[in-house]
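Please work through the exercises below with the structure open beside you. Try each task before reading its solution.

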Amino acid sequence: MAALVEQARAGRPRAVARLVSLVEDASPALRAVAAALTPYTGRARVVGLTGAPGVGKSTTTSVLVTALRASGQRVGVLAVDPSSPFTGGALLGDRIRMQEHALDPGVFIRSMATRGHLGGLAWATPQAVRVLDGAGFDVVLIETVGVGQSEVEVAGLADVTVVLVAPGMGDGVQAAKAGILEVGDVFVVNKADREGAQNTVRDLRHMISLGMSQAAGSGQSAPAPALWRPPVLTAVASTGQGVDELLAALDEHAAWAAGSGEVRTRRLRRAEREVEAIALTALRERMGHLRDGDRLAELATAVVEARTDPYRAADELLAELAL
């Protein structure tokens with residue numbers, strides 16, 4: 001495992017791909033992978049890109065990769081595609097759209113199927129980010145599934161979240177809805193050459209101002225220079241227009257997050273979720289073993305026969321799992 005990690009850090013794509021595969025397959029070797037990678041983690045900047053289907057996430061990701069590579073940075077991309085609820089398969093089309101970077105040794109692109117996981121990410125995405133971070137990538141771009149207003153899991157994983165919108169996909173009322181609007185650090189109105197782009201920009205800026213005013217009125221600290229105000233940018237990703245402004249906004253956010261301590265706060269929350277998820281997975285496995293025995297059936301019988309209530313039965317089950 002140590003040799004595999006060294007190969008990944010040396011920039012060998014097959015070694016990186018092997019490590020990510022171990023994550024996706026929930027391999028028993030994951031503990032060894034995590035132990036070997038830990039000394040090298042914490043250096044990559046994690047950028048999330050999210051938005052509704054059709055706003056141009058893949059195209060924007062591709063032009064960002066081009067711009068980041070031009071500055072000499074190694075870039076990892078995790079592109080999450082939806083899985084079929086019937087077959088479990090996925091087209092993994094995001095990788096198809098980024099073929100221009102396929103032969104660049106400084107770019108690693110991995111498509112990940114959600115496999116039924118909600119929130120816009122695959123269940124293995126957090127650990128895959130750790131692999132790319134430990135493998136020495138300077139920037140990790142996470143492109144989510146086309147998400148709705150509540151599927152905002154990427155905000156808990158990324159250091160900065162870019163929300164992409166497009167003209168004609170909703171009015172001011174749609175922009176006001178909670179969820180995806182609240183997690184964005186940078187907003188990009190893509191396809192800005194279309195009619196209505198400036199109206200979309202205006203609506204977004206209005207709702208951001210309203211949200212910050214409400215935060216101030218609810219007893220939180222009033223907006224100040226130390227508080228990040230999400231910019232609203234315009235872009236035409238298919239031509240590369242607006243990518244320089246987006247990179248500048250990302251750099252500005254990185255400087256603010258480092259100076260305010262926000263980047264450490266976000267990474268602490270990310271680590272908490274990661275530890276919790278691993279613990280819950282282990283607990284579910286132990287629960288699965290209980291189904292093979294008689295104890296769960298005994299407790300269920302006691303509930304049905306009114307000899308105990310489900311809360312007390314659950315307490316007994318948890319006490320036995322802790323042994």
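The exercises that follow concern a predicted model, and each task is followed by a worked solution.

**Exercise 1. Describe the overall make-up of the protein chain and the confidence of the model.**

Begin with the secondary structure: the protein chain has 13 helices and seven strands. Turn next to burial, where buried residues make up 42% of the 323 residues in the chain. The surface comes after that, and the chain exposes about 16,800 Å², of which carbon and sulfur atoms supply 56%. For the contacts, consider those with a separation of 6 or more in the protein chain: residues 24 or more positions apart account for 75% of them.

The last step is confidence, for which the chain averages a pLDDT of 82, with 80% of the residues scoring at least 70. Confidence is highest in α10, at a mean of 96, and lowest in helix α7 (residues 172-176), at a mean of 49. Two stretches also call for care: pLDDT stays under 50 over residues 84-90, for which the model has seven contacts beyond four places in sequence, and pLDDT also stays under 50 over residues 221-225, for which the model has four such contacts.

**Exercise 2. Find the largest nonpolar core and state which elements supply its residues.**

As background, nonpolar side chains in soluble globular proteins tend to be buried together. In this model the largest nonpolar core has 31 residues, and those touching the most other members are Val47, Leu64, Leu141, Val162, Val186, Leu246 and Leu250. To trace where the core comes from, go through the elements that each supply at least two of its residues: these are the strands β1 (45-51), β2 (75-81), β3 (107-113), β4 (139-143), β5 (160-165) and β6 (186-189), together with the helices α4 (57-70) and α10 (243-260). The largest share, seven residues, comes from α10.

Now take one member as a worked case. Leaving aside residues up to four places away in sequence, valine 162 touches Val47, Gly48, Leu49, Thr50, Val186, Val188, Leu246 and Leu250. To finish, look beyond this core to a second, separate one of 29 residues, whose members include Val5, Ala8, Val16 and Ala44.

**Exercise 3. Explain what the salt bridge of aspartate 104 ties together.**

Start with the pair itself: aspartate 104 forms a salt bridge with arginine 69, and their closest N and O atoms are 2.9 Å apart. Then place both partners: aspartate 104 lies in the loop between α5 (93-97) and β3, whereas arginine 69 is in helix α4, so the salt bridge ties together parts that are 35 residues apart in sequence. Finally, check how accessible they are: aspartate 104 is partly exposed at 22% relative accessibility, and arginine 69 is partly exposed at 25%.

**Exercise 4. Decide whether arginine 266 is buried or exposed, and follow its partners.**

First locate the residue, which is in helix α11. Its relative accessibility is 13%, and because buried means under 20%, arginine 266 counts as buried. Its side chain meets that of glutamate 262 in a salt bridge (2.9 Å, N to O); the two residues are four residues apart in helix α11 (residues 262-291), and are therefore separated by about one helical turn. Salt bridges that share partners then join Asp185, Glu262, Arg266 and Arg269 into one network. Not counting residues up to four places away in sequence, arginine 266 touches Ala158, Asp159, Val160, Asp185 and His253.

For a contrast in accessibility, consider the salt bridge between glutamate 305 and arginine 307 (2.9 Å, N to O), where arginine 307 is exposed, with a relative accessible area of 54%. The count of salt bridges comes to twelve.

**Exercise 5. Examine helix α6 and then a nonpolar patch on the surface.**

Helix α6 (residues 125-134) is mostly covered, since eight of its ten residues are buried. Reading along the helix, the buried residues are Thr125, Gln127, Ala128, Val129, Val131, Leu132, Asp133 and Gly134. After α6 comes glycine 136, whose phi is positive, near 95 degrees.

For the surface, turn to Leu280, Leu283 and Leu318, which make a nonpolar patch of about 230 Å². Of these, leucine 283 is in helix α11 and counts as partly exposed, at 31% relative accessibility.

How values were computed: Residues are numbered from 1 along each chain as its sequence is written. Side-chain values use heavy atoms; hydrogens and water are left out. A nonpolar core is a set of buried Ala, Val, Leu, Ile, Met, Phe, Trp, Tyr and Cys residues joined through side-chain atoms within 4.5 Å. Buried means under 20% relative accessible area, exposed over 50%, partly exposed in between (1.4 Å probe, protein chains only). Contact means heavy atoms within 4.5 Å. Patches are made of residues with over 30% relative accessible area and no salt bridge: like charges are joined within 9 Å, nonpolar side chains (Val, Leu, Ile, Met, Phe, Trp, Tyr) within 5 Å. Accessible areas come from the Shrake-Rupley method with a 1.4 Å probe; for residues, only the protein chains shown count as cover. pLDDT is the predictor's confidence in each residue, from 0 to 100.
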